[in-house]
Number of protein chains: 2
Amino acid sequence: MNQKVTIKDVAELAGVSKSTVSRYLNQGYISVEKQERVKKAIEQTGFKSNFFAKRLKTKQSKLIGIVLPRMDSVTVGKLLAGISRILEPAGYQGLLLVSKLSGRKEIENIRSLQQQGVDGILVDSVGISEEHVKLTKSGTVPVLYTGQKHQDVPYVKIDDKAAGRMMGAYLRQMGHKHAVFAGVTETDIAVGVDRKQGFIDAFTEGRPEAKVDFVETGFDFLSAYNCGEDVRRCGATVVVGATDNISLGILRYFHERGLRVPEDISVVGFGGYEVGAVVYPALTTISFDYELVGMKAAQYLLDLLHGKPLEQNMEMPLFFVERESVRNLTGTLCQPQPSSLTGMA
Amino acid sequence: MNQKVTIKDVAELAGVSKSTVSRYLNQGYISVEKQERVKKAIEQTGFKSNFFAKRLKTKQSKLIGIVLPRMDSVTVGKLLAGISRILEPAGYQGLLLVSKLSGRKEIENIRSLQQQGVDGILVDSVGISEEHVKLTKSGTVPVLYTGQKHQDVPYVKIDDKAAGRMMGAYLRQMGHKHAVFAGVTETDIAVGVDRKQGFIDAFTEGRPEAKVDFVETGFDFLSAYNCGEDVRRCGATVVVGATDNISLGILRYFHERGLRVPEDISVVGFGGYEVGAVVYPALTTISFDYELVGMKAAQYLLDLLHGKPLEQNMEMPLFFVERESVRNLTGTLCQPQPSSLTGMA
DNA sequence: CTGTTAGCGCTTTCAA
DNA sequence: TTGAAAGCGCTAACAG
């Protein structure tokens, strides 16, 4: 191991007691003189206080467990960036566990973290089961969720339904009457159900002539690309990808088949990924600020730790990003201008 | 805190000694009978062994510190995915610290981790200074680098020079004589110096008529896009982006100006990001397997921990991905076929 | 096989 | 102000 010089060595060298050194390290109550001596001794010995001994005593790990579905995803990255932006200045560190998109593993991870004595746990969940709820309520370690929601646990997430609705309202306003929603499995409540339903609601509400077809695909470019033909066959005027990645895969498919976007067919997405701005046509989308979600989640968890009242579960703001991939069918306005690198920054 | 029931409680309830419980928890040497009793007691009490007490004794944290330049990046995500793929089955967990692309912060992070008593440290560095080297050699905790290299510390990284050379050789073979390298600051030795130099070497070696211009830009789409005009003015037949993101920004710029790729000008990148396959034309690139780098790095560090001989520093394999964005100027072959979603999977 | 006995390195009463 | 002493919860000799 790497721990050689202890508080005892420092004490001896400084000619004081261990407690005095400890006091120096923590609060006060030490004369300026001894303060000096201890300081010197610490420098000379290169003393580092032992993390585990300290934690054992103080019962505070200053560690936050973070459970993520996967690592190699832009959204997860942003979320993490937001989390560490709050945790770091607060003196907390993140302990990372990966659930590999499995609910079972998520539970295991939470268990393991609880047992390890982290101060709090943040879970970017793929689905909150009853077992999650039980685990969350039974333990003494606060657990906060994101990605999915459940009325019985604290969470901070994007309002997927509102996002869907926002997009539905926009396309309706642009004169579209027949859309195809390229979505994901309903196992994913947030994206597979809420986002889709929000869209359908806003798009069709009180418009019997409006129609939404549905094609199921995966989260990656390739599976979206592969369902391109199914999507096209629907004959809709606009395709709504449940995520930008899905839309990008479809955009590629259309490109290869010679379909022009938005002249022949419009395409929109959700997420606001940066690459949506560099492809052509640039993708119109609802942008989510995952970094902000991470920050809010971390802040909320910290509040929980400090015994603050747990206010409402919150759902985060959304930003509509109009770019070049939607055609205005009303004829009252001209095409969205394919200007320079729209909405990129 | 959350620790109520200790090994002592379990012992009492089971009518055995603490050591017996401890033995049950760890290796063996316990009769089947007491084994049963202890097991029951643990279940009844819901006992969880205290992480910190255990670590304090065993002097093993089973924790690996990970220092990353930033979180919201695809390459970092992949790296992390690779790391956790090795760490997890080995029973280690990752403690995450972010350096925000600052060398100073990197040092601080390493210090803090050393002091915290992690078993090892993995640093995805932005530049290995002498101070890094000192810190690495002075401490008793093994530190392994990636992202950058330095002869005096262990590292695992992509061979940037070889990547550059590979690309130089390819473009040369395709008949290009005048390239412009859209690169980054030389502060970044790996990308800014090695990658570029490798390219120049292979492209110009023994060809006095070959010429490489240089334009400096940043790592993001936008700054690449913004230097589009400078790049274009060079009048080269091919632009080499130091990363795929840079190439994507430039591709967008060209698109807006009506330049056709690869008919009017060719574009290549480095990295093999998936989005390079869905844009049109799909980007020809050198692909790096960052996940593999993460795995190798983690494995190497674990070997170090277990006192295995530290073999050579290693640089990882590269994959050339030919897609649609380069024009063959030799006239002996036709255009690379813009087939279906080339090299996507 | 099992219990007793020492601590790991630190914090924190409690007297002095 | 300071030092002595008592552990935090666990593991690991050491006898038995």
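Which residues are buried in helix 8 of chain A? Before I answer, a word on what we are looking at: this is a predicted model, in which local features need pLDDT of at least 70 and side-chain atom pairs count only at pLDDT 80 or more, while totals for chains, interfaces and linings use all residues. Residues are numbered from 1 along each chain as its sequence is written, chains are lettered from A and ligands numbered from 1 in the order in which they are written, and side-chain values use heavy atoms, with hydrogens and water left out.

Now to the answer. The buried residues of helix 8 of chain A are Asp160(A), Ala163(A), Gly164(A), Met167(A), Gly168(A), Tyr170(A) and Leu171(A), where buried means under 20% relative accessible area, exposed means over 50%, and partly exposed is what lies in between, using a 1.4 Å probe and protein chains only. They sit on the same side of helix 8 of chain A, because they cover an arc of only 165° around the axis, the arc being that of the directions from the helix axis to the C-beta atoms. As for the word helix, helices (H or I, at least four residues) and strands (E, at least two) are DSSP runs, numbered from the N terminus. The 14 residues of this helix, residues 160-173, should span 20 Å at 1.5 Å a residue, and the end C-alpha atoms are indeed 20 Å apart, which agrees; the expected span is 1.5 Å times one less than the number of residues. After helix 8 of chain A comes Gly175(A), with a positive phi near 90°.

Let us turn to helix 3 of chain A, which covers residues 32-45, and whose 14 residues should also span 20 Å at 1.5 Å a residue, in agreement with the 20 Å between its end C-alpha atoms. Here Val38(A), Ala41(A) and Ile42(A) are buried, and they lie on the same side of helix 3 of chain A, since their arc around the axis is only 100°. It helps to remember that an α-helix has 3.6 residues a turn, so residues three or four places apart point the same way. On the other side of helix 3 of chain A we find Val32(A), Glu43(A) and Gln44(A), which are exposed. And what do the buried residues of helix 3 of chain A pack against? Their partners are helix 1 (7-14) and helix 2 (18-25) of chain A, where contact means heavy atoms within 4.5 Å. Gly46(A) follows helix 3 of chain A, and its phi is positive, near 70°.

Next, charges. The structure holds 34 salt bridges over all chains, a salt bridge being a side-chain nitrogen of Lys or Arg within 4 Å of a carboxyl oxygen of Asp or Glu. One of them links Glu324(A) to Arg252(B), with the closest N and O atoms 2.6 Å apart. Glu324(A) lies in the segment after strand 12 (318-321) of chain A, and Arg252(B) lies in helix 12 (residues 244-257) of chain B, so the pair joins two chains. Both Glu324(A) and Arg252(B) are buried, and for Arg252(B) the relative accessible area is 1%. Arg252(B) also meets Glu256(B) in a salt bridge of 2.7 Å, N to O; these two are four residues apart in helix 12 of chain B and therefore separated by about one helical turn. Glu256(B), at 21% relative accessibility, counts as partly exposed. In addition, Arg252(A), Glu256(A), Arg257(A) and Glu324(B) are joined into one network by salt bridges that share partners. Within it, Arg257(A) and Glu256(A) form a salt bridge of 3.6 Å, N to O.

Asp188(A) offers a contrasting case, placed in the loop between strand 6 (178-183) and helix 9 (189-204) of chain A. Asp188(A) is buried yet has no salt bridge, and the nearest side chain of opposite charge, Arg195(A), is 7.3 Å away; Lys and Arg count as positive and Asp and Glu as negative, while His and the chain ends are not counted. Its side chain does have a polar contact of 2.8 Å with that of Gln148(A), meaning a pair of N or O atoms within 3.5 Å, where within protein one must be able to donate a hydrogen and the other to accept it, and residues adjacent in sequence count only if both atoms are side-chain atoms.

Finally, Ser247(A) is in helix 12 (residues 244-256) of chain A, and is buried with a relative accessible area of 0%.
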